Amino acid sequence: MGRYLLKTIITIIPTLFGVVTIVFFLIHLTPGDPALAILGPHATADSILELRKNLGLDQPLHLQYLKFLGNLLKGDLGRSLVTEQPVLLETLRPFPYTIQLALAGVLISLLVGIPIGVISAIRRNTFLDYFMRAASISGISIPVFFLAIILLWIFSYHLGWFPIIGVGDTSSWRSLLYHLVLPAFTIGISMAVLIMRLTRSCMLEVLGQDYVRTARAKGLAENTVILVHALKNALLPIVTVVGLYMGQLLGGAILTETVFARQGVGKLLMDAIFSRDYPQVQGTVLIFASAVILVNVIVDLIYRFLDPRIKL
Amino acid sequence: MINKEILKPKKKKKGMGKVIFRFLKQNPLALFGAVVILISILASLLVPILPFQDPLHQNLPNRLKPPSAEHLFGTDNYGRDVLSRVIWGGRISLLVGIFSVAIGSLIGVTMGVISGYFGRVVDTVIMRFTDILLSFPALLLAMAICAAMGSSLWNVIIAISIVTVPRFSRLVRGSTLSVKEADFVEAARALGQNKAKIIFFHILPNVFSPILVLATLWIPAAIITEASLSFLGLGIMPPTPTWGNIINEGKSYLQNAPWISIFSGTIIVLVVMGFNFVGDAVRDAFDPRLKGEREVGRG
């Protein structure tokens with residue numbers, strides 16, 4: 001276990017380093033002067049020079065890069081140009097809202113996707129199965145932001161059941177939960193269609209195995225066979241895939257937060273982009289990407305933990 | 001007893017058109033998809049000569065009018081015809097989707113073949129780079145590129161191409177590795193053919209079907225990514241219509257003019273569904289192993 005962990009950490013370091021490098025050069029090689037972009041066309045030459053100095057833009061690119069790496073190792077991502085607060089702090093503040101949204105979304109997608117997938121696999125090639133499969137392929141074709149708009153239109157504007165924007169009153173968990181329902185369902189449904197397809201194909205594979213036949217032959221109840229013998233083994237690849245979808249999930253969170261105007265990390269990133277707050281954009285993208293890498297490592301660990309055939 | 005079937009002369013090889021026709025006849029969903037794709041491509045190509053209204057023509061007294069015989073999809077907040085905007089928008093959305101997958105797959109396939117065929121340091125470098133690109137969420141990377149480079153049609157195409165590249169290079173590298181060891185490649189090498197010839201005539205034709213499958217599944221993903229970018233205001237800017245920015249503009253009028261967002265969104269879903277139906281059928285026909293490749297960038 002210890003050796004495996006060490007090996008994983010050693011392999012993700014170059015990846016993280018690559019991500020940092022790409023983000024740095026992406027932001028710093030932009031055509032045009034960030035200082036000019038920040039100050040606008042009416043800025044005086046002096047104020048542009050001063051801002052360039054403050055941002056460290058007057059130094060050669062490789063020095064800026066080394067300084068950036070050095071600061072990063074100290075956990076310093078720079079300061080936001082808008083709020084003048086440390087970028088790390090600014091990014092961590094809305095993080096809970098995004099995590100709430102992501103977790104609730106995953107939970108809904110599993111609760112909806114796995115049972116439907118199992119039923120579809122058991123009733124293979126019946127009308128129900130065809131219907132579910134057609135529904136899932138249609139579901140895959142709906143952009144997340146459009147799904148969000150449809151839900152918003154039906155449940156908030158038409159029926160008036162749910163609030164339209166925001167995360168709600170942060171001091172009351174009822175209000176938070178109430179504001180979470182539609183965004184969470186947006187992400188949940190968009191992921192559930194993927195999970196359903198996956199569960200179906202995993203179940204079909206497992207149901208064809210010898211040990212399932214043995215379980216049936218020794219007279220176990222069909223429910224036991226399906227839930228204990230088949231599903232338990234089909235769950236393994238599902239765990240991995242949920243991890244693989246993490247990046248997509250966070251992308252979906254950015255779009256969902258924009259539609260529902262939730263103050264999450266996605267909204268923070270969008271605001272930073274539009275106010276040309278370069279350090280904040282850089283920091284948010286970095287934290288986002290690192291989070292995805294870390295989640296993938298964790299999922300890999302869980303997978304190894306669940307599958308006794310793989311020795312750590 | 002001789003089986004008379006064997007003695008009959010072999011049938012002529014079927015033409016490409018016939019193969020496609022038979023394929024579509026066996027897959028009603030793919031047929032539906034192909035028809036939708038065909039209509040959408042024809043509409044985007046022909047829209048300049050079709051009798052649609054100018055998508056930029058403003059008519060303020062006529063703003064936010066519900067669907068009618070004159071404006072099938074209603075009008076938006078500037079009184080512009082939504083149907084015409086959706087069709088003109090489709091021109092751009094389809095162009096971005098097809099072009100970025102074409103460019104991205106070309107670069108990705110080249111990288112993948114080189115990586116798989118030459119191995120060693122080249123392989124390590126290319127695959128490290130691929131891993132790093134893959135560790136970014138697709139939409140996030142495209143957003144960062146667009147935010148850095150500014151919004152324009154070409155920047156959006158470049159951004160989505162970059163997101164597409166690692167998917168193809170990883171896939172093609174794997175296929176190349178397995179084809180490389182095949183006897184016919186060994187034979188070509190023994191005959192003294194040069195590397196370029198081996199790659200072009202022996203390896204590429206044999207890794208073609210997974211590439212085709214991934215491409216058909218990535219075009220709808222690219223269309224959705226473009227729509228997401230312009231929905232967020234990072235893609236192509238209004239007044240030029242694209243599917244994403246029409247929905248974004250309509251979002252503010254969801255209460256009193258829902259048709260703007262809902263109709264244009266429905267068109268995206270239809271077209272993307274068309275591509276997905278065809279893609280799924282192509283995948284099942286060519287390469288059932290690719291079933292996991294559905295983690296396409298849906299935002």
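In which hand, left or right, does helix 9 of chain A pass helix 11 of chain A? Some notes on that and a few other things; bear in mind that this is a predicted model.

1. To take the question straight away: helix 9 of chain A passes helix 11 of chain A in a right-handed crossing. The two pack at an angle of about 140 degrees, and their axes are 9 Å apart. Angles over 145 degrees would count as roughly antiparallel, so helix 9 of chain A and helix 11 of chain A end up as oblique to each other.

2. If you want to find that packing on screen, look on the helix 9 side of chain A for A:Ile195, A:Leu198, A:Thr199, A:Cys202, A:Met203, A:Val206 and A:Leu207. Across from them, helix 11 of chain A brings A:Ala230, A:Leu231, A:Asn233, A:Ala234, A:Pro237, A:Ile238 and A:Val241. By class, this contact has 12 nonpolar residues, 2 polar ones and no charged ones.

3. Helix 11 of chain A (residues 222-244) also packs with helix 10 of chain A (residues 210-217), here at about 150 degrees with the axes 10 Å apart. Helix 10 and helix 11 of chain A are therefore roughly antiparallel to each other. Their crossing is right-handed.

4. Who makes that second contact? From helix 10 of chain A come A:Tyr211, A:Val212, A:Ala215 and A:Arg216, and from helix 11 of chain A come A:Val225, A:His229 and A:Ala230. The residues of this contact split into 5 nonpolar, 1 polar and 1 charged.

5. Now the core. The largest nonpolar core runs to 144 residues, and the ones with the most contacts inside it are A:Ala148, B:Leu140, B:Ala142 and B:Met143. Helix 9 of chain A (residues 173-207) gives the most to this core, with 17 residues.

6. B:Ala142 is worth a click. Setting aside neighbours within four places in sequence, B:Ala142 is in contact with B:Ala159, B:Ile160, B:Val163, B:Thr225 and B:Leu229.

7. Last, where the two chains meet: the contact takes 45 residues from chain A and 42 residues from chain B. On the chain B side, helix 5 (120-135), helix 6 (138-149), helix 10 (208-232), helix 11 (243-251) and helix 12 (259-286) each supply at least two residues. Helix 12 of chain B has the largest share of that side, 10 residues. The chain B residues that touch chain A divide into 26 nonpolar, 8 polar and 8 charged.

Conventions
Residues numbered from 1 in each chain as written. Chains lettered and ligands numbered in written order. Predicted model: local features only at pLDDT ≥ 70, side-chain atom pairs only at ≥ 80, totals over all residues. Core = buried A, V, L, I, M, F, W, Y, C linked by C-beta atoms within 7 Å. Buried ≥ 20, exposed ≤ 12 C-beta atoms within 10 Å, placed from the backbone. Helix = DSSP H or I, 4+ residues; strand = E, 2+ residues; numbered from the N terminus. Contact = placed C-beta atoms within 7 Å. Nonpolar A, V, L, I, M, F, W, Y, C, P; charged D, E, K, R; others polar. Axes fitted to C-alpha atoms, helices over the stretch in contact; angles between N-to-C directions. Parallel < 35°, antiparallel > 145°, perpendicular 65-115°, else oblique. Left-handed = near helix turned anticlockwise from the far one by under 90°.
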